[in-house]
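Please look through the sequence and the model below before reading on. The paragraphs that follow begin with the ligand and its surroundings, and then turn to the backbone.

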Amino acid sequence: MCGIVGYIGKKDSLPVLLEGLRRLEYRGYDSAGVALLENGVIRVVKTQGKIKNLDALLAKEKKTCSNIGIAHTRWATHGAPTKLNAHPHSDCRNNFSVVHNGIIENFSSLKNELIKEGHKFISETDTEVAAHLVEKYYKGNLKEAFLKAVNKLEGSFAIVLMSSKYPDRLLFARLGSPLIAGVGKGENFLASDVPAILSHTNKVIYVKDCQAGEIRKDKISLFNLKGKTQPLKVEKILWDLESAQKSGYPHFMLKEIHEQPSVLKHLAAAGIKFDKKLTGALKNARQVSIVACGTAYHAGMVGKYVIEEMARVPVSVDVSSEFRYRSPIIDSRSVLIAISQSGETADTLAAVREAKNKGAKIVSICNVVGSSLTRESDFVFYTHAGPEIGVASTKAYTAQLMVLYLFGLNLARIKKSLPVATISKYNKILRNIHTHARLILKNCSRRICDVAGRHHNFGSFLFLGRNLNYPSALEGALKLKEISYIPAEGYAAGEMKHGPIALIDEYRAVVCIAPESKIYEKMISNIQEIEARKGKIVIIATQGNNDIKKYSKEVIFIPKIAELFSPILAALPLQLFAYYIAAKRGCDIDQPRNLAKSVTVE
Ligand code: F6R
């Protein structure tokens, strides 16, 4: 979603701002812009499309130097992705310039009021009202005007303000959408996410919800929305910019796919621990509810199978955006697990707040340290996958699975639902699974690339799996459609005869996830049904099962593993398959159209 960068200091701000924007490109955007304060005048340059268009525009303009500026990449919500709607936005006299991430829900009524009062709007965005509100309230005190304006806004957003009258400061506020302040020496920064400023400083302040503040070149202050000063907590980022680079891979997605063995190894070795409070909450819980979106939701679905099988506790799984509107049965005896890579997904945060209001204890499984979700949770398990830059989630997914398996095993220990010997056997499998993952990447990548080469022109795909690999089928289909734009559906294989079988003919590609399992024979029946209707079958099967080759030439083998753990291994060939198909189709793999890495609007 939108990316914000702000700078004040001794350097020429433009290169700092542009570098920051580039590092936020992964979030997804469709226009970009900067505002620089030069000799008391705000100069705004913005454009539709990518940052390189902005570079080209700036190259044509006279070179100047400004030590303060704000910049933005916009992911359109209100109004088309045009130059006019791109941020920054200004008031009538160009005294106040704002960039904003999120949605101002009451912008329409505010805009009508401001128009009646004589303000002139030039864009269709919700953001522009913020600049005009500051103009309206400005009576000689910037902080006062800014806070008055922010208090008028409803919705979920982060906002940064620059004023031509105040070359020594940038103001900011956060209500829902992420924002950090970077602490430098003689310079300070604002950004939506850490990579934007990491080449300058690894010291950050996570701005909290309903918090505002000000950066000057040698000072950062925080206050609440009434203006009362609040303490600063500076945190050190432990990963470096190298982790947010492609390191020789053509795409972040491929790099992140290859990081999975190491992520799985470290997570399994470290294990997870339940403290007394969580143990108590879980002992007391009648059931566990899981909420998440997209890929994280698929991890949650696998989690249901795993936790129920291991701990014999009922688990419900909901898409976050549905959970809060279906009147879920949640009370103070409920435990809700929220899964999110970014920890900023608006729908998941809304579901968490709903459950919290009803008294539930919140456990989060999250990748981003200090994110909103982690701050609002009672217990946090980090996935420690490192920054995930590719929009399509890969390493975060398998890391989420690993944490869910470890969670299931811990719960089984508390509930005494599994013999101790089985728990240690399962732990051993988890600690060893990274070696299998490594083998898949080493031995199967070439083969998967070839299979993808024979399938990239298919007009649509069906992905089928059963039991624990039904969510794998959903995830395989999601990966393919989001980066290659080929329509792809995931189905529980047993459901095929209840509808989707009507789709099967020689033009339909069907990916069947059929590792060794107790329902393997049932999967084979489904494969035969597809074969009989001339569907083009790709099979993911267990190494050594040569018999399966009679149903298709296109078999991808994964190492033998107990069925319960097969979703972790099945994920890798599915990710690679989607990757190579998208690559063969020349798609923008790391930044697929219309998608954002962190979905901070509901
Ligand atoms: C798919 C993908 C999305 C996210 C979803 C939730 O590859 O990345 O479906 O999984 O938007 O995001 P998080 O995990 O950040 O809550």
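**Around the ligand**

Sorted by class, the residues of the shell around the ligand are five nonpolar, seven polar and two charged ones. The model in which this shell is seen is a predicted one. Of the 14 residues around the ligand, those that come nearest are Ser 340, Gln 341, Ser 342, Thr 345 and Glu 482.

Two of these residues can be followed down to single atoms, since Ser 340 places a polar side-chain atom 2.6 Å from an oxygen atom of the ligand, while Gln 341 has a backbone N or O atom that lies 2.6 Å from an oxygen atom of the ligand. Val 391 also takes part through its backbone, with an N or O atom 3.2 Å from an oxygen atom of the ligand. On its own the ligand has 400 Å² of accessible area, and the protein covers 89% of this.

The ligand takes up the space of the second largest pocket. Two elements, α9 (294–311) and α15 (469–484), are the ones that give two or more residues to the shell around the ligand. Where in the protein, then, does the ligand lie with respect to domain 2 and domain 3? Because domain 2 (246–418) and domain 3 (436–592) both give residues to the shell, the ligand lies between them.

**Two places in the backbone**

Most residues other than glycine have a negative phi, and most peptide bonds are trans. Against that background, Asn 39, which is found in the loop between β2 (31–38) and β3 (41–48), has a positive phi, near 50°. The peptide bond that joins His 87 and Pro 88 is cis, with an omega of about -5°, and Pro 88 belongs to the loop between β4 (68–74) and β5 (89–90).

Technical notes. Residues are numbered from 1 along each chain as its sequence is written. This is a predicted model: local features need pLDDT of at least 70, side-chain atom pairs count only at pLDDT 80 or more; totals for chains, interfaces and linings use all residues. Side-chain values use heavy atoms; hydrogens and water are left out. A residue is near a molecule or strand if one of its heavy atoms lies within 4 Å of it. A polar contact is a pair of N or O atoms within 3.5 Å; within protein, one must be able to donate a hydrogen and the other to accept it, and residues adjacent in sequence count only if both atoms are side-chain atoms. Accessible areas come from the Shrake-Rupley method with a 1.4 Å probe; for residues, only the protein chains shown count as cover. On a 1 Å grid over the protein atoms alone, a cavity is a set of points where a 1.4 Å probe fits but cannot get out, and a pocket is an open set with protein on both sides within 12 Å along at least five of seven lines; lining residues have an atom within 4 Å of a point. A molecule sits in a cavity or pocket if more than half of its atoms lie within 2 Å of its grid points. Helices (H or I, at least four residues) and strands (E, at least two) are DSSP runs, numbered from the N terminus. Ala, Val, Leu, Ile, Met, Phe, Trp, Tyr, Cys and Pro count as nonpolar, Asp, Glu, Lys and Arg as charged, and the others, Gly among them, as polar. Domain bounds come from an automatic or database domain assignment.
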